[in-house]
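This report is meant for someone meeting the structure for the first time. Please look over the sequence and the model below before reading on.

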Amino acid sequence: MNPLCGRCDKIVYPTEKVNCLDKYWHKGCFSCEVCKMTLNMKNYKGFDKKPYCSQHYPKTSFTIVADTPENLRLKQQSKMQSHVLYKEDFERNKGKGFSVVADTPELQRVKKTQDQISNIKYHEEFGKSQMGGEGSPTDAYGNQGFQPPAHSPSYNYDPQPAHSAAAPLPSSGGKRYRAVYDYAAADEDEVSFADGDLIVDVQQIDEGWMFGRVERTGQQGMLPANYVEAI
């Protein structure tokens with residue numbers, strides 16, 4: 001026996017059946033509870049076993065806890081306990097000196113570099129003291145006759161300016177619509193727009209969806225038909 005539709009309570013045949021939210025729906029009946037936009041398995045949001053679009057999905061509200069005398073007493077007690085634990089931890093760690101830093105590969109590399117620099121400076125000072133501050137320059141290990149390397153030639157890099165993004169194509173004279181709701185794209189082939197945006201080059205796809213370009217952003221894609229009106 002064929003099940004009944006969760007919206008119209010009529011028989012749902014296998015060729016038009018949508019099984020979602022523990023119910024069976026006609027494809028045309030599987031729509032938002034608020035704006036009646038036709039939904040699919042990619043863009044619906046379920047709440048209390050009812051389908052909603054992303055714009056009209058019910059928002060969860062949080063309960064405010066009253067600031068009663070009992071809650072104030074517990075808050076003060078927790079604050080005092082935290083203060084006591086802080087003082088105990090401070091007294092326990094006082095005088096222990098610095099904390100140990102992990103000997104990571106990066107710290108080992110920095111330490112090795114510093115040792116090499118110190119070693120080079122030591123040999124330079126030693127060579128100068130041997131020569132009395134005169135004579136030919138020495139290398140890092142005090143060898144005479146060391147000639148410092150010539151400066152390497154500098155290369156000027158003149159980067160080419162980046163090409164600017166292509167401007168949006170002008171309207172080709174298709175149908176024009178105006179958005180009456182905000183809509184956020186729920187899939188890759190859809191387009192987002194704000195209330196009041198102009199939608200140009202509109203093509204009707206089916207009863208619930210269109211294809212067009214948002215004049216303000218230049219983006220194009222699918223959009224719900226009941227979120228816009230013809231102008």
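Is Ile11 buried, partly exposed or exposed? With a relative accessible area of 40%, Ile11 counts as partly exposed, because that class covers values between the 20% limit for buried and the 50% limit for exposed residues. The residue lies in the segment before β1, the strand that spans 17-20. Together with Leu4 and Tyr13, Ile11 makes a nonpolar surface patch of about 290 Å².

**The chain as a whole**

The model is a predicted one, and its confidence should be kept in mind throughout. The protein chain averages a pLDDT of 78, and 74% of the residues score at least 70. Over residues 161-172 the pLDDT stays under 50, and for this stretch the model has 8 contacts beyond four places in sequence.

The protein chain has 2 helices and 9 strands, which run from the N terminus on in the order β-β-β-β-α-α-β-β-β-β-β. Of the 231 residues in the protein chain, 19% are buried. The chain exposes about 18,200 Å², of which carbon and sulfur atoms supply 54%. Among contacts between residues at least 6 apart in sequence, 34% join residues at least 24 apart.

**Salt bridges**

Side chains of opposite charge can pair when their charged atoms come close. A search of the whole structure finds 6 salt bridges, and the table sets out some of them, including the separation of the N and O atoms.

| Acidic residue | Basic residue | N to O separation |
|---|---|---|
| Asp187 | Lys42 | 3.7 Å |
| Asp197 | Arg216 | 2.8 Å |
| Asp201 | Arg213 | 3.3 Å |

In the salt bridge between Lys42 and Asp187, the closest N and O atoms are 3.7 Å apart. This pair links distant parts of the chain, since Lys42 sits in the loop between β2 (23-26) and β3 (45-47) while Asp187 sits in the loop between β5 (175-179) and β6 (198-204), 145 residues apart. Lys42 counts as exposed because its relative accessibility is 65%, whereas Asp187, with a relative accessible area of 26%, is partly exposed.

Asp197 and Arg216 also meet through their side chains, at 2.8 Å from N to O. Asp197 lies in the loop between β5 and β6, and Arg216 in the loop between β7 (209-214) and β8 (220-224), so this salt bridge ties together parts that are 19 residues apart in sequence. Asp197 counts as buried at 8% relative accessibility, while Arg216 counts as exposed at 55%.

The salt bridge between Asp201 and Arg213 has an N to O separation of 3.3 Å. Here Asp201 belongs to strand β6 and Arg213 to strand β7, so the pair ties together parts that are 12 residues apart in sequence. Asp201 is buried, with a relative accessible area of 17%, and Arg213 is buried as well, with a relative accessible area of 7%.

**Cysteines**

How many disulfides does a search of the whole structure find? The search finds 0 disulfides. Cys8 is in no disulfide, and the nearest cysteine sulfur, that of Cys5, is 3.8 Å away, whereas a disulfide would need the two sulfur atoms to be within 2.5 Å. Cys35 is likewise in no disulfide, the nearest cysteine sulfur being that of Cys32, at 3.8 Å. As for their surroundings, Cys8 is partly exposed, with a relative accessible area of 29%, and Cys35 is buried, with a relative accessible area of 14%.

**Around Asn226**

Which residues is Asn226 in contact with, leaving aside its neighbours within four places in sequence? They are Cys35, Lys36, Met37, Val180 and Tyr181. Asn226 lies in the loop between β8 and β9, the latter spanning 228-230, and is partly exposed, with a relative accessible area of 29%. The contact with Cys35 joins the residue to the cysteine described above: although Asn226 and Cys35 are 191 residues apart along the chain, their C-alpha atoms are separated by 7.7 Å.

Note on methods: Residues numbered from 1 in each chain as written. Predicted model: local features only at pLDDT ≥ 70, side-chain atom pairs only at ≥ 80, totals over all residues. Heavy atoms only, no water. Patch = residues over 30% accessible without salt bridge, like charges linked within 9 Å, V, L, I, M, F, W, Y side chains within 5 Å. Areas by Shrake-Rupley, 256 points an atom, 1.4 Å probe, with all protein chains shown as cover. Salt bridge = Lys/Arg side-chain N within 4 Å of Asp/Glu carboxyl O. Helix = DSSP H or I, 4+ residues; strand = E, 2+ residues; numbered from the N terminus. Buried < 20%, exposed > 50% of the residue type's maximum accessible area, 1.4 Å probe, protein only. pLDDT = per-residue confidence, 0-100. Contact = heavy atoms within 4.5 Å.
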